[in-house]
Amino acid sequence: MTSQEFVPDVFNYTLLNRLCQAYGPSGSEEEVAAIIKAEVVPYCDKLVSDSMGNLIASRNGSGKKVMVAAHMDEIALMVTYIDESGFLRFIVIGEIEARYLPYRRVILQNGKMGTIGLERLEKSTEIDLSKLYIDIGASSRAEAEQVVGIGDALILEGAYVEVGKRIMSKALDGRIGCFVAIEALKRTKSTNELAFAFTVQEEVAMRGARVAAYAISPDLALVVDVTRTGDTPGAARMEVSLGAGVGIKAFDHSLVTPPNIKRWMSATADRYSIPCQLEVLEQGGTDAGVIQLTKGGIPSGVLSIPARQVHTPTEVVDKQDMEAAVTLLTKLLEENEDL
Ligand code: CO
Ligand code: ZN
């Protein structure tokens with residue numbers, strides 16, 4: 001096959017919904033890993049969980065060893081203190097701005113919920129974590145301690161909703177990448193040796209990817225994660241738009257994509273008429289940032305899913321961008337001979 005039109009495939013969005021709604025703060029990704037495990041078993045030759053909790057699905061092959069990485073964790077909160085009235089104080093796990101948090105609902109691993117309250121402020125610009133507390137419906141410290149303890153993590157509630165071709169949910173940062181990786185693993189006819197790493201703790205300095213990349217020691221790595229967009233009112237200037245295709249990363253805070261990787265990714269997208277856009281992200285990074293620095297250096301590229309409201313409980317992505325990412329990843333895995 002030399003050339004073909006980009007034809008959107010049929011996707012199992014119920015799986016994406018389950019992935020997004022699962023509980024998975026950095027360091028507690030087991031629930032997400034269990035969903036992925038059940039899904040990828042029929043498509044790989046070997047499936048291992050390492051000591052950190054990374055899930056690595058490998059497929060035998062004769063060509064290059066290609067690692068695909070997507071992170072399972074999501075931004076979350078962690079309990080630091082419980083006061084005499086049963087209110088919880090907390091820190092953030094990953095980057096969350098305090099001003100996005102008042103009056104959000106939060107969920108503990110045991111399914112119990114709370115809401116985030118805000119102390120009375122003199123000026124609204126004063127919102128920071130020290131002014132916020134979580135109310136879990138308890139009226140004393142003892143009562144609170146029956147459902148929560150110091151060091152417990154809470155995720156932000158954010159239901160999965162489809163609106164036209166857009167999807168909004170919590171945890172799309174992370175899980176949409178896992179979903180793209182799973183769907184590519186199911187579809188690809190690659191003869192290369194493949195290792196799909198579903199990583200832990202990306203939101204806290206990409207810790208899972210570090211050990212996964214070392215253990216896998218691939219010839220090449222492709223990471224799937226979200227990026228920001230510049231197409232909303234008052235947004236920072238950025239070329240990426242929602243719905244304009246999969247992002248091919250040129251640069252972010254953690255990675256300067258090697259020119260040959262960037263060219264190969266763009267050329268492959270062009271060959272199969274896959275909608276794509278080059279991406280420069282001025283802040284933030286992905287697992288590729290640490291994978292590229294593993295051992296003697298591993299050439300790495302990133303497929304970015306444009307997302308609005310990243311690191312809030314209502315992240316928004318476009319189905320066509322996601323589908324373009326699946327197609328591009330599938331093709332890249334099959335065609336890396338020229339690298
Ligand atoms: Co993130
Ligand atoms: Zn991410």
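# A tour of a two-metal site and its surroundings

Select the zinc ion (ligand 2): its four donor atoms subtend angles of 52 to 144°, which makes the arrangement irregular. Keep in mind as you explore that this is a predicted model.

**Stop 1: the zinc ion.** Now show the side chains around the zinc ion (ligand 2). Its protein donors are His71 (NE2), Asp173 (OD) and Asp225, which appears twice with OD atoms. These donors lie 1.8 to 2.6 Å from the zinc ion. Along the chain, they follow the spacing H-x101-D-x51-D. Color the chain by secondary structure and you will find His71 in strand β3 (residues 65-71) and Asp173 in helix α4 (residues 172-187), 102 residues apart. Are His71 and Asp173 buried or exposed? Both of them are buried.

**Stop 2: the cobalt ion.** Keep Asp173 selected, since Asp173 bridges the zinc ion (ligand 2) and the cobalt ion (ligand 1). The two ions are 3.3 Å apart. Which residues are the protein donors of the cobalt ion (ligand 1)? They are Asp173 (OD), Glu203, which gives two OE atoms, and His311 (NE2). The cobalt ion, too, has an irregular arrangement, because its four donor atoms subtend angles of 54 to 141°. Its donors are spaced as D-x29-E-x107-H along the chain. Glu203 sits in the loop between β12 (193-199) and α5 (207-216), and His311 in the loop between β17 (300-306) and β18 (315-318). Glu203 is buried, with a relative accessible area of 13%, and His311 is buried with a value of 13%.

**Stop 3: the two domains.** Zoom out and color residues 14-74 + 170-334 as domain 1, then 76-156 as domain 2. Their C-alpha centres lie 31 Å apart. Where they meet, 13 residues of domain 1 are in contact with 14 residues of domain 2. About 1,100 Å² is buried between the domains, and carbon and sulfur atoms give 64% of that area. On the domain 1 side, select Tyr23, His311 and Pro313: these residues lose the most area to domain 2, together 48% of what that side buries. You have already met His311 as a donor of the cobalt ion. How many salt bridges does the rule find across this interface? The number is zero.

**Stop 4: a buried alanine.** Next, click on Ala213 in helix α5. Ala213 counts as buried, at 0% relative accessibility. Leaving aside neighbours within four places in sequence, Ala213 is in contact with Met67, Pro218, Ile291, Thr294 and Ile298. Select Ala288 as well: Ala213 and Ala288 are 75 residues apart in sequence and 9.6 Å apart in space, C-alpha to C-alpha.

**Stop 5: salt bridges.** The structure holds 17 salt bridges. Select Lys186 and Glu39, whose closest N and O atoms are 2.8 Å apart. Lys186 is in helix α4 and Glu39 in helix α2 (residues 30-40), 147 residues apart. Add Glu183 and Arg187 to the selection and you will have a network of salt bridges linking Glu39, Glu183, Lys186 and Arg187.

Move on to Glu162 and Lys319, whose side chains meet in a salt bridge (2.7 Å, N to O). Glu162 lies in strand β10 (residues 161-163) and Lys319 in helix α8 (residues 319-334), so the pair ties together parts that are 157 residues apart in sequence. Glu162 is partly exposed at 38% relative accessible area, whereas Lys319 counts as buried at 15%.

Finish with Arg308 and Asp231, another salt bridge (2.8 Å, N to O).

Notes:
Residues numbered from 1 in each chain as written. Chains lettered and ligands numbered in written order. Predicted model: local features only at pLDDT ≥ 70, side-chain atom pairs only at ≥ 80, totals over all residues. Heavy atoms only, no water. Donors = N, O, S within 2.8 Å, 3.2 Å for Na, K, Ca; no water. Tetrahedral: all angles 85-135°; square planar, octahedral: opposite > 155°, others 65-115°. Helix = DSSP H or I, 4+ residues; strand = E, 2+ residues; numbered from the N terminus. Buried < 20%, exposed > 50% of the residue type's maximum accessible area, 1.4 Å probe, protein only. Domains from an automatic or database assignment. Contact = heavy atoms within 4.5 Å. Buried area = accessible area lost by both parts, 1.4 Å probe. Salt bridge = Lys/Arg side-chain N within 4 Å of Asp/Glu carboxyl O.
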